[in-house]
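Me: Got a two-chain model here. Can you walk me through it?

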Amino acid sequence: MRRSLYTVLTFTKINTKRFFRDRLAIFFSIGFPLIFLFVFGSINNGGGDVSFSIALINHSDSSFAREFSDQIRSSEVFKVDSDIETLDAAKEKMSRSELDAVIVLPDDFGDVKQGDTYPSGKAEVVYTQNNEQSGRALESILEAQFQGINSQFVQAAMPFTVEGNKLNERSLSGFDYTFAGLLGFAIIGMGIFGPINVFPELKKMGILRRLSTTPLKVWQYFLSTMISQALIGLISLAVMFIVAILIFDLHVVGNWLELVIFLVVSIIMILGIGLALGGWAKNERQVAPLANIIVFPMMFLSGTFFPRFLMPEWLQQISAFLPLTPVIDGIRLIATEGKTLIDIAPQLGMIGAWMVVIYLIAFKVFRWE
Amino acid sequence: MVEVRDLKKKYGDKQAVDGISFDVKKGEIFGILGPNGAGKTTTLEMMETLRPIDGGTSLINGIDVAKNPEAIKKIIGIQPQSPAFQDKTKLTEVIELFAAAYGEKVNVMEFLDSVGLTEKANNYVEDLSGGQKQRLSITTALVHSPKVFFLDEPTTGLDPQARRNLWELIEHVRDRGITVIMTTHYMDEAEILCDRIAIMDNGKIVAIDTPKNLIKQLLARGFKKKQVVEQANLEDVFIDLTGKDLRES
């Protein structure tokens, strides 16, 4: 037993060293997922705040209109495109969905009408058919603002009022979902694409065949691959966490040790898919189509690039059974929702079940040549 | 040491190995010769546990290959036709890996030294020449002190200097008491190196004896070469002009 372990550890040690000498491998395991992190992180940055891209066209020169425009420009809710000065220019941008709506202040906006003691006017909100939601939302926002202003000028009793109450709790941001998905993507990259590229090459060169003439066992070979992949995987994921925390303001609320344990289990399970595919395939041509059939559904349905709750109900139910789904859900539940390993027993159970199935297949179909 | 009896292998309709039998004594260099497709490599692979045996038996040190392949693996060393190693691996690590595959820890430098690769110890395998790879491969096959050493066309593609160097290495292995079984396409190699040879054709052994005896038997049948044999050949000229020193490193 001790000899067997020595075999495994020596293979692990040298394989891990080899990885760090290979710049291309380092790029694909660490650099590549980081690029995705930057791309998707930038898209999602801003944490799901609602903001409207609007244009403001002011035809009035009253002081009230000026003040009102300044207020809108400085508001966080509105992103005002200051390049647009005419309605036609705004319409063109709206037709390309680059603008949500236009606020038009007519030339008599804010004037004090004869007989009145206060300014008045009617702002116009212009939007296209596709942007009805934003348009209506904008209408009610403006209406609420005017109500506040109106009450300053005209004293009126307001029997019903509404008050917004911001809770102190954080809800999940878009980035929290994206980040868990990106970790899933990185695990797939290392665990599946690694072995299916390396194994057929080793077979072609006769390296695995040469090893098969020694007493080395398949389980020893697999175990050493698992340990070094888990190690390399943890380093790669750690880099992603560091970048996400420093640059994209990720808050990890869960227990780090539990997170590491969960990630190791996940990496080993997904690696099994790569070992099964790469171990079975005689050459690259044979394995590529099969790998795509297995990887792409997981890539799109397990919540890698967009969250599963956006899918139709029936699809969510099916995709819940993909091997990557509990991985991504589990990472999010621990890291950003602070759940414990016991809380996520359903996810762990599913990963365990897949692990048994995958490794049974992997050992069964493995070929040394 | 090695007993092969009525060994058979069929690929589809073709009887690749057709009931061959031979014995190899301890400390002997035994050559298997034959044209391409004669069944040399298949014979070797069956004896090495790499290919299932269709019929007959192969015993090494009294152990049946078909019945106990795991025990056979521990007492044989194998040099494949074209040795390959994973890149970005140092020579010392290659030896360490192969020793570990047998669950053993060895003095790595001693093994590199035995094949003249001490200076290359910390290089990566991809920096080695063809001959150096062959030498590294030989020493990796010996990390567990096997009783029988198989080589499949070890000198194919090597320059004359590297060939001669490899012959010396193989003789050293034999001198340590290890039985050597090799295939080759080169008659000069078989004549110089092998204590006995078997000539195969179409899956059968057509002759088996020492090279000297085989030549004597041919002459006894009244064979005469058309040309008078010269006292030197072109390779002798080549070696005389370029020297015996290895051209690598």
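**Strand partners and more**

Reply: Start in chain B, where B:L33 stands opposite B:T184 in β8(B). This is a predicted model: local features need pLDDT of at least 70, side-chain atom pairs need 80 or more, and totals for chains, interfaces and linings use all residues. Residues are numbered from 1 along each chain as its sequence is written, and chains are lettered from A and ligands numbered from 1 in the order in which they are written.

Me: What is the bridge partner of B:L33 in β9(B)?

Reply: B:I199. Helices (H or I, at least four residues) and strands (E, at least two) are DSSP runs, numbered from the N terminus.

Me: How many bridges does β3(B) make with β8 and β9 of chain B?

Reply: With β8(B), residues 179-184, β3(B) pairs in the parallel sense over 5 bridges. With β9(B), residues 196-201, β3(B) has 4 bridges, also in the parallel sense. Two strands pair if DSSP finds at least two bridges between them.

Me: Which residues of β3(B) are buried on each side?

Reply: B:I29, B:G31 and B:L33 on one side, B:F30 and B:I32 on the other. That covers both faces. The strand spans residues 29-33, and 5 of its 5 residues are buried. Buried means 20 or more other C-beta atoms within 10 Å of the residue's own; exposed means 12 or fewer, partly exposed is in between, and C-beta atoms are placed from the backbone. In a regular strand the side chains alternate between the two faces of the sheet.

Me: What's the strand order in the antiparallel sheet of chain B?

Reply: β2-β1-β4-β5, an open sheet of 4 strands. The edge strands are β2(B), residues 14-24, and β5(B), residues 63-64; each pairs on one side only. β5(B) is joined to β4(B), residues 55-60, by 2 bridges. One of the residues involved is B:L59, whose bridge partner in β5(B) is B:D64.

Me: Switching to α3(B). How many of its residues are buried?

Reply: 10 of its 11, so to speak a mostly covered helix, at residues 91-101. Among the buried ones are B:L91, B:V94, B:L97 and B:F98. B:E93 and B:E96 are buried too.

Me: What do they pack against?

Reply: Elements from both chains. From chain A, α1 (2-21) and α7 (207-212); from chain B, α4 (108-114) and α5 (130-140). Contact here means C-beta atoms, placed from the backbone, within 7 Å. After the helix comes B:G103, with a positive phi near 75°.

Me: How many residues does each chain put into the contact?

Reply: Chain B gives 22 and chain A gives 20. On the chain B side, α3(B) gives the most, with 6 residues. That side divides into 10 nonpolar, 5 polar and 7 charged residues. Ala, Val, Leu, Ile, Met, Phe, Trp, Tyr, Cys and Pro count as nonpolar, Asp, Glu, Lys and Arg as charged, and the others, Gly among them, as polar.

Me: What ipTM does the predictor give the complex?

Reply: 0.86, with a pTM of 0.79. Chain B averages a pLDDT of 90, and 98% of its residues score at least 70. pLDDT is the predictor's confidence in each residue, from 0 to 100.

Me: Now chain A. How many helices and strands?

Reply: 13 helices and 4 strands. Chain A is more spread out than a compact globule, because its radius of gyration is 29 Å, well over the 21 Å that the globule rule gives for 369 residues. The radius is taken over C-alpha atoms, and the rule is 2.2 Å times the number of residues to the power 0.38. Along its principal axes the C-alpha trace spans about 105 × 40 × 40 Å. As for burial, 36% of the 369 residues count as buried.

Me: What is the strand order of the sheet in chain A?

Reply: β2-β1-β3-β4, open, with mixed pairing. β2(A), residues 78-80, and β4(A), residues 124-126, stand at the edges with a single partner strand each, so one side of each is left without a neighbour in the sheet. β1(A), residues 52-58, and β2(A) run parallel, joined by 3 bridges. There A:S53 has A:K79 as its bridge partner.

Me: Which strands does α3(A) lie across?

Reply: β1, β2 and β3 of chain A, at about 165° to β1(A). Axes are lines fitted to C-alpha atoms, for helices over the stretch in contact, and angles run from 0 to 180 degrees between N-to-C directions. α4(A), residues 87-95, lies across β1 and β3 of chain A.

Me: Last one: is A:I293 buried or exposed?

Reply: Exposed, because A:I293 has 9 C-beta neighbours inside 10 Å. A:I293 is found in α10(A), residues 284-301.

Key. Contact = placed C-beta atoms within 7 Å.
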